[in-house]
Amino acid sequence: MGEVIRFPRRDTEQIDGQVVHVDAERVEASAETSGPGDALVERGRGIPPALAGKAARRVAELALPVGTQAVKFAVLHGYYLAAGAFDTFSAVYARWTGRDIDAQIRAAQAAGEHGVVAELMRQRTENRRLFLERIQVFGQFLVKLPLILGGLAAVVLAITLIVAVVAWARPDGLGFADVWDGLFTALASGFEWTVWAATVPLPVLLIAAAAGVLVKGYNQRRRAQNAPAWMQSETETDGTVDTLDEGSILGALRNLGIKPLNDAFKAGWGTPANPARVWEMGLGKDGRGWRCQIRLPQQVPVSEISRKKHVLAHNLGRLAVEVWTSEPKDKPGVLDLWIADPGVLTGPVDDWPLLAELESAVTDYFAGVPVAVDLRGDEVIGEFAGKNWAVAGMMGSGKSTLVITALLGAMLDPLVDIDVFVMARNSDYKLMEPRLRTLRTGADEATVEACMNTLRELYDELEIRGQALEEHTKAGDPDAEKVTRRLAEKDARLRPRIMVVDECQALFMHEKYGTEAQNKAILLMNASRKYGITLILLTPEPSTDSLPRKLMAVMSNRACFAIGDQQSNDAILGTGAYKRGISAVGLEPKTKHSDGDVGTAMTSSGFLPKPGLIRSYYVPRDQHKAIVERALQLRKAANITTTAPAAEPEKRDLLEDLDDVLGAEKVSAAEAAKALVAAFGRAYYRDGKPLTGAQLVAELADVGVKVPSTANRYHVDPMTVRNALARQSTADLDQ
């Protein structure tokens, strides 16, 4: 059998009636071919002319693009070399003549840096004065050069003459002519050395210097990819880069297609001669990525760069989620750019730290629990004390994962009571139920009503907790200004509480309870900072309806997973967040085809010192039962077998309290109500608000005291109240 000849094709073609698989080891023949229908192209038998012609044409077709790319490569890098050398020499010339200052002034004026312009103009005037002085000094030197050379020659000749006379006068000295001969010999040797230096080492040094200039200029042009588009190959014109440096970042910005930015580049912005501060902070390693700050030219706001972030990420060879743009609050007009190392956001997150030593794990509500990692890989602690959370994201984005991890950690503190309400049917929290104080799920009215009742209960409990803190203060406890772990351990009224409302839009947008729920939640969050109560809200539809603006104004912790639009993004992360580059719009939820960016969230406050991405820990469901068992063990060891019941607000006798606050004269019902509130505090609050005169009149009517009106004004008569109180006391005795 002959040698198999392989051809660079992978398809089947008809050549003179033959079906030829040119990349296979056999050639299938037609029916005319003898044998079983297969024939091999054997060595020594040659290649059929039609096949040979076709192969030659195919080789030519393959070779043509390769040759074209090779020519483009040579032309492109030749251009980089020549243009880079020109840039370097131009920069030197401009620096010597002061033209660089003129370019800097123009660019600074374009950038609006008027202080820089004034300083550069002063520097230009000083440089030109020094340049003229140099020319004047050099001219004077040229005029005096013949005199200097003549004087030097005269001195040498005079010295030589003296030495020659002395040598001639001494009996054993050199002859007169010998001295002059030595002078001319030395001059000849010096001339020969000068000629050698000019012809041997000097050219080498000049060539080395020229090579350095060429390399420097070449690198600058290549890194910035500053060349006509027609010269660049496909792999270079797409703007993507394999390695990051300041030149590649400028090259990525150059190819964003933003006209004012392109105009700035053409005017010299981003070049070595640029006057304005391009790099507010140079590129440097920052955790598992790179960070820099760039002062953008006029007409190029940071929001415009953020709008084109997906293009910028592509130009930098990154996914959109791996590039984050923002504008520092103290540096307007500065682009803060963070670029992740490739794959940082797609690799698995480490195991939840508490799982490693679950048998001994104990947490503290007041210290927080680990819930995620930041992009540097550092642990992110979710704090509860004095905090309230709002978490949003599409279905499948991982928002529940963050909260479930936080609750699993919180329940390892035996003091914590947890209520969970889910306005939908799901089993996300089901395995935690044995350790929860409350778990209600469902999209029905009963779940909404139960959630509303617990919200009311929490708000009323603020009064109880306030009274408890007041008692501890009166007892001389110096730390009773707010709930602490020490106080919570010795007073069941002060145990920490966490309330989770999942799908909270169903509560806040409810026709019957929505307004009350919003008001109660806002009042609770405003007052609960020091009382050991944490409210956690989750929604897939962030808006001013599902997350009321007043409520979000006091929200400490905000996190947004994958979200669909700018308005939803800003509803959870804050007004203007998207324009400042604080955006979760680029994140993708989990689908049946891909995990997307599940578990990755943008946070604007609370979780990190400044806005940034976090990646939630994921606790497998098969571990939930073990964590709950550990939590129940801790609860039992702390001798907490049941959830502490909320103490009922103190019930007071209206008539007795009125007797205490009223004098001898009649007062208006409104004044009497204010006196009750001032004397007895929250006992005379109704629906979270102080008792009004009309409410007092109604409550007196309920206990048999009618308050008459005069000209639509109600006045409470102390004698009527005291007579009613006396009848009440007599009735009690009769019973």
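Trainee: Which element of the chain has the lowest mean pLDDT, and which the highest?
Mentor: Strand E4 (residues 38-39) has the lowest mean pLDDT, 41, and strand E14 (residues 497-502) the highest, 95. Here pLDDT is the predictor's confidence in each residue, from 0 to 100. Helices (H or I, at least four residues) and strands (E, at least two) are DSSP runs, numbered from the N terminus. This is a predicted model, in which local features need pLDDT of at least 70, side-chain atom pairs count only at pLDDT 80 or more, and totals for chains, interfaces and linings use all residues. Residues are numbered from 1 along each chain as its sequence is written, and side-chain values use heavy atoms, with hydrogens and water left out.

Trainee: What does the chain average?
Mentor: The average pLDDT is 79, and 78% of the residues score at least 70. Over residues 233-241 the value is below 50, yet this stretch has 23 contacts in the model beyond near neighbours in sequence. A contact means heavy atoms within 4.5 Å.

Trainee: Changing topic, in what order do the strands of the open sheet lie?
Mentor: The order is E5-E6-E8-E7, with antiparallel pairing. Two strands pair if DSSP finds at least two bridges between them. Strands E5 (279-285) and E7 (323-326) are the edges, each pairing on one side only. From one strand to the next, the twist averages 15°.

Trainee: How many bridges join E6 to E8?
Mentor: Strand E6 (residues 289-295) is joined to strand E8 (residues 334-340) by 7 bridges. Within E8, Val-334 is the bridge partner of Arg-295.

Trainee: And which helix packs on the sheet?
Mentor: Helix H7 (residues 246-254) does, touching E5, E6 and E8, and its direction makes about 120° with that of E5. Axes are lines fitted to C-alpha atoms, for helices over the stretch in contact, and angles run from 0 to 180 degrees between N-to-C directions.

Trainee: Which residues have the most contacts inside the largest nonpolar core?
Mentor: They are Val-501, Leu-507, Leu-537 and Leu-551, in a core of 58 residues. Helix H13 (residues 445-474) gives the largest share, 10 residues. Such a core is a set of buried Ala, Val, Leu, Ile, Met, Phe, Trp, Tyr and Cys residues joined through side-chain atoms within 4.5 Å; buried means under 20% relative accessible area (1.4 Å probe, protein chains only).

Trainee: What is Leu-507 in contact with?
Mentor: Leaving aside neighbours within four places in sequence, the contacts of Leu-507 include Met-423, Val-448, Cys-451 and Tyr-513. A second, separate core of 46 residues includes Leu-354 and Leu-608.

Terms used: Buried means under 20% relative accessible area, exposed over 50%, partly exposed in between (1.4 Å probe, protein chains only).
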